[in-house]
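Let's walk through this model together, a few questions at a time.

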Amino acid sequence: SDPGTPSHFPVKMRPEILALPAYKQGSAAPTGFKLSSNENPFDPLPGVLEAVDAATRQLHRYPNAAAPEITARLAKEWGVETDEVIVAAGSVALLVQFALAAAGHGDEVVYSWRSFEVYPWMTVLPGATAVPVPNTPDHRHDLVAMAAAVTDRTRLVIVNSPNNPTSTIVTKAEFETFMGAVPDDLLVILDEAYAEFITDPDAVNGRELVRRYPNLVILRTFSKAYGLAGLRIGYGIGPAPILGAARTTIMPLSLTDHAQVAAIASLDRSAELQERVANIAARREVVWQALLEQGWDVPRPHGNFVWFPTGERTAEALEVFRAHDIIARAYLPDGVRLTIGEEESVENVLAAAEEIARLIG
Ligand code: PMP
């Protein structure tokens, strides 16, 4: 039998997949503020529900997965050609597509850790090897160490700014140095799922990097700032040949018409979007300042979420949040990630945080 398949398993399957934990969602709960999945607390932008409703009348048809309208719209917004845009059912889908296209058995994928839990998972799917590089003590990417971790087997490096779950950014200068240090035939993905929430002018910004590097793909999503998490749509901007390779590994027909029309309707409402993003960013600053006053050593947050480095006390901290009707997300044994949600949640968040600060001293 296959030496890798455990003997109790009924059929021969890939051992690395059998050993892989499935991706786990942040938990929902019947009561309380759900601040465990970095979702947007606002309803969809005006026009979105109408557009989705119209698309629903075509549910008996397959979607137009080539997505010509949203692709053309994004190309215009980013000042690129349509073959420099790739759209898929969420940026998670795109991450998997790039991993499948770039990294096979024996190849390596470098990313910072702790970061988005999809990175180790998507690395194992095509049989590649994960090379996680520890964050700095202040919860940031160590881009110097990441560049040093690149070998001749590395096929993909992922940079996440703002980083999920620590909410820290990579600076423009750090990123530029990093791109200069890695070979220009090595694919680099800059995952900017939370880019819209950034207010720090020193933060790396994919918008300023378009066509600057032959090996860079910028990933964005409609799930976070645009509040379309349930519809599943994200996109990448990058060199046409790289995106072409990733187009071949797409899960066929997975991008719905509903998601496409909702994205277009959302892009039509950029003024309202800016307002909502500013509202959340302002609340994030209020929460962060209050946490500093409580004595917390919380890294400055740049996404729509805050990182509590609770270490060994993480499980207890989660329970205190729960007792205050707050559903947070635990990352054992490192900390708790908490989404900046509705205004009404702030009082509970701060009361819980104060109690935890007292508890863990
Ligand atoms: N990248 C990062 C860093 C994320 O945190 C998330 C969502 N949790 C995604 C990508 C995926 O977003 P989506 O698939 O909804 O576009």
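Q: How far apart do the end C-alpha atoms of residues 33-351 lie?
A: This is a predicted model, in which local features need pLDDT of at least 70, side-chain atom pairs count only at pLDDT 80 or more, and totals for chains, interfaces and linings use all residues. Residues are numbered from 1 along each chain as its sequence is written. The span is 36% helix and 17% strand (DSSP runs, H or I of at least four residues and E of at least two, numbered from the N terminus). Its end C-alpha atoms lie 14 Å apart.

Q: Which residues belong to domain 1, and which to domain 2?
A: The bounds come from an automatic or database domain assignment. The C-alpha centres of these domains lie 24 Å apart. Domain 2 covers 56-267, and domain 1 is made of 15-43 + 271-360.

Q: Which element gives the largest share of the side of domain 1 that touches domain 2?
A: Here 23 residues of domain 1 are in contact with 28 residues of domain 2 (C-beta atoms, placed from the backbone, within 7 Å). Two elements give two or more residues to this side of domain 1: strand E9 (305-308) and helix H10 (270-293). The largest share, four residues, comes from H10.

Q: Which residues are closest to the ligand?
A: The ligand is surrounded by 13 residues (C-beta atom, placed from the backbone, within 6 Å of it). The closest are Gly90, Val92, Thr221, Ser223 and Gly234.

Conventions:
Contact = placed C-beta atoms within 7 Å.
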